[in-house]
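Reader: I would like a close, careful look at a single part of this protein, namely its interior: what is packed there, and what space is left. Please take it residue by residue where that helps, and give the cut-off behind each term.

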Amino acid sequence: MCGIIGYCGRKPAVPVIIEALRCLEYRGYDSAGVASLCDGELLIRKDAGKVEEVIQKHELAGLPGNVAIGHTRWATHGGVSQLNAHPHSDCGGRVAVVHNGIIENNQELRQELTARGHRFSSETDTEVIPHLLEDELKNGRSLEQAVLSIAPKIEGSYALLALSLDDPGRIIGTRKNNPLIVGIDDHDYYISSDALAFSQYTGQVMGLEDNEVVVLAQGGIHFVDARGNRVAKQARKLDHSWAVSDKGAYQHFMLKEIMEQAQVLSRIVEQDGKMFTEIALDILRARQVIVTACGTSRYAALVGRYLFSRVGKKFCDVVMASEFGYFADSVDKNTVVIAVSQSGETADVVEGVKAAREAGAQIISIVNRPNSILTDLSHRVIYLNCGSEIAVAATKSFLCQLAIFYLLAFSMVNSFDAAVARLSDLAGDITRVLDWNKSELIKLSDRLQDKTDAYYIARGINFAIASEGALKLKEISYVHAEGMPAGELKHGTLALIEPGTPVVVICPADYTFAETLSNAIETRSRGAYIIGVSDRDSDIYDSWIRIPEVDELLYPMVAVVPLQLLAYYIAISRGCDPDKPRNLAKSVTVK
Ligand code: AGP
């Protein structure tokens, strides 16, 4: 949620910032802006709109200066407007700040500052920061000292960058519970929420701990701790394969990411069997195992719960991360908490994990982004290795999360290698399912584009795929969709079925087939339009999405892929941008 970028060096800064904002747009895309220091002037340009619109409208490319910061916003405090766009400034227009996170005590700070005569021009929580800095600078502090001095007054989470006319030639950055990473290329310095933003210029990066402050100046860079003591840092190499963010020949990142799933699945052979066996043993030995996640990652966890039970005979609970805190009382040192998150920075997940860690639980995380906040909090980390996922709707990361749960479950019965072999074979099935259904799904999307509701049903291990299929449809097509266990339908939702209502029935020819089909027949009797997702055809389907016959524990992986593609094509036929759905952002760093 919100992407921030700063550059200080020898190059014209704003073109670097513009390129970075394009890369960071997945973090928020309702407003954008830049601030540049040049010849004793602080130039701020910002507006509501997508990054490209703001770049064009304000002719950002022409802004001079070698020191600049930029921001792409996902609104939390204050509506989507030019005034609420970042960077924010102080009363005299001498300080500029970009921020990702939430300042929880912003109301109190705003009141105190207003009482001292400060004038606010936005509704944002962020604006208290430049005003606090203004007071410190007026007291003769450097910008570095000013940031150090105001940080303890700010409650909440933040990654922020500041620059000032009173201390020109430098950018000061700090963070607490939000990501911030520095890139170094000789005397060119970059700082951003995501290394993706500057990975085209440098592969040398340095991380920042919570409450540390970094000073990027034209003559060098240094880090200090919260007390202002210098901290020595070693640069490390960025994994460039992870940082690629090119759409290639595809129209959208989402389509590219759906299409590369067979390829990313084949990387499963790179997983470390020894580590999986050790983690599986920890899971088996634990008094209780709780999986926590949000959205798509939680649906992967629900499939994992079936796999753990069926294969490892180990029951685990899956708790929505935003609700996890309410169960914190029962977490102790005999608990294993498995946190699943593509981004590794989802605030609800991070908060739950912190509480669980404090309670003595062992934390295992399943993440995609390397070096995220979640990985730092975990005792063991399993990486998805599926490369950067840019589209807001998760696709390939979900498939890899399922594969990881499959490997963990089979590691519980000492069968890691066999599981890797089965998953490797599945890559061909993923390619087949896309080839078989592409043209049928395009036709189906035309037929369904004007529908206002859709229901997805399945049973057993496939149930979570119904929920995931529905989530994909609603988030990128804005069609109301619900996924549920097929047996649950008759307990209420059946009342909503009318002639023509689409019901997607995930009923592979496994132990769930007969009962799921019978629930589908109940909807058909009320006029539903049945879309069967199965390896077995049936007279009751109005449309058949054919999937290959696979081992029954692997059906979720082949069934989800055409549902992702169906949601994509419906979004396109409804004129929606699948990569940037309204109101959403890829990383949800607020609670
Ligand atoms: C997926 O399509 C969604 N955009 C969303 O539900 C996402 O899965 C959720 O916000 C969790 O994100 P994470 O995996 O990065 O923690």
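Author: What follows goes from the packing of the interior to its polar residues, its cysteines and its empty spaces.

This is a predicted model, in which local features need pLDDT of at least 70 and side-chain atom pairs count only at pLDDT 80 or more, whereas totals for chains, interfaces and linings use all residues. Residues are numbered from 1 along each chain as its sequence is written, and side-chain values use heavy atoms, with hydrogens and water left out.

I begin with the nonpolar packing. A nonpolar core is here a set of buried Ala, Val, Leu, Ile, Met, Phe, Trp, Tyr and Cys residues joined through side-chain atoms within 4.5 Å; buried means under 20% relative accessible area, exposed means over 50%, and partly exposed lies in between, with a 1.4 Å probe and protein chains only. The largest such core has 104 residues, and Ile-283 and Ile-338 have the most contacts inside it. Helix α18 (residues 555-573) gives the most to this core, with 14 residues; helices (H or I, at least four residues) and strands (E, at least two) are DSSP runs numbered from the N terminus. Contact means heavy atoms within 4.5 Å, and Ile-338, leaving aside neighbours within four places in sequence, is in contact with Ile-283, Val-289, Ile-290, Val-291, Thr-292, Phe-308, Ile-364 and Ile-366. A second, separate core has 27 residues, including Tyr-7, Val-34, Ile-55 and Ala-195. In soluble globular proteins, nonpolar side chains tend to be buried together.

A leucine of the interior can be followed in the same way. Leu-423, in helix α15 (residues 416-448), is buried at a relative accessible area of 0%. Beyond four places in sequence, Leu-423 touches Leu-265, Ile-268, Ala-403, Tyr-406, Leu-407, Leu-554 and Met-557; Leu-407 is 16 residues away from Leu-423 in sequence and 8.8 Å away in space, C-alpha to C-alpha.

Polar residues are found inside as well. Asp-535 is placed in the loop between β24 (529-534) and β25 (543-546), and counts as buried because its relative accessible area is 17%. A polar contact is a pair of N or O atoms within 3.5 Å, where within protein one must be able to donate a hydrogen and the other to accept it, and where residues adjacent in sequence count only if both atoms are side-chain atoms. The side chain of Asp-535 makes such a contact with the side chain of Tyr-555 at 2.5 Å, and also reaches the backbone nitrogen of Ala-509 at 2.8 Å. Apart from residues up to four places away in sequence, Asp-535 touches Pro-508, Ala-509, Trp-544, Ile-547, Pro-548, Glu-549 and Tyr-555.

His-88, in strand β5 (residues 88-89), is buried at 2% relative accessible area, and a polar atom of its side chain lies 3.2 Å from the backbone oxygen of Asn-84. Pro-130 and Glu-127 are among the residues that His-88 contacts when neighbours within four places in sequence are left aside. Pro-130 is one of the buried residues of helix α4, which spans residues 128-138 and has 10 of its 11 residues buried. The elements that cover the buried residues of α4 include β5, β6 (95-103), α3 (106-115), α5 (143-150) and β7 (156-164).

As for the cysteines, a disulfide is taken as a pair of cysteine sulfur atoms within 2.5 Å, and the count by this rule is zero. The sulfur of Cys-38 has its closest cysteine sulfur in Cys-8, 13 Å away, so the two are too far apart for a bond. Cys-38 is buried at 16% relative accessible area, and Cys-507 is buried at 0%.

Lastly, the empty spaces. On a 1 Å grid over the protein atoms alone, a cavity is a set of points where a 1.4 Å probe fits but cannot get out, while a pocket is an open set with protein on both sides within 12 Å along at least five of seven lines, and lining residues have an atom within 4 Å of a point. Three cavities of 30 Å³ or more are found, and the second largest holds about 60 Å³, with Cys-2, Trp-74, His-86 and Thr-124 among its lining residues. The largest pocket holds about 650 Å³; 25 residues line it, and Cys-294, Gly-295, Thr-296, Lys-586 and Val-588 are the closest to its centre. Helix α10 gives the most to the lining of this pocket, with five residues.

How values were computed:
Points joined across faces, edges and corners; volume = space filled by probe spheres on them.
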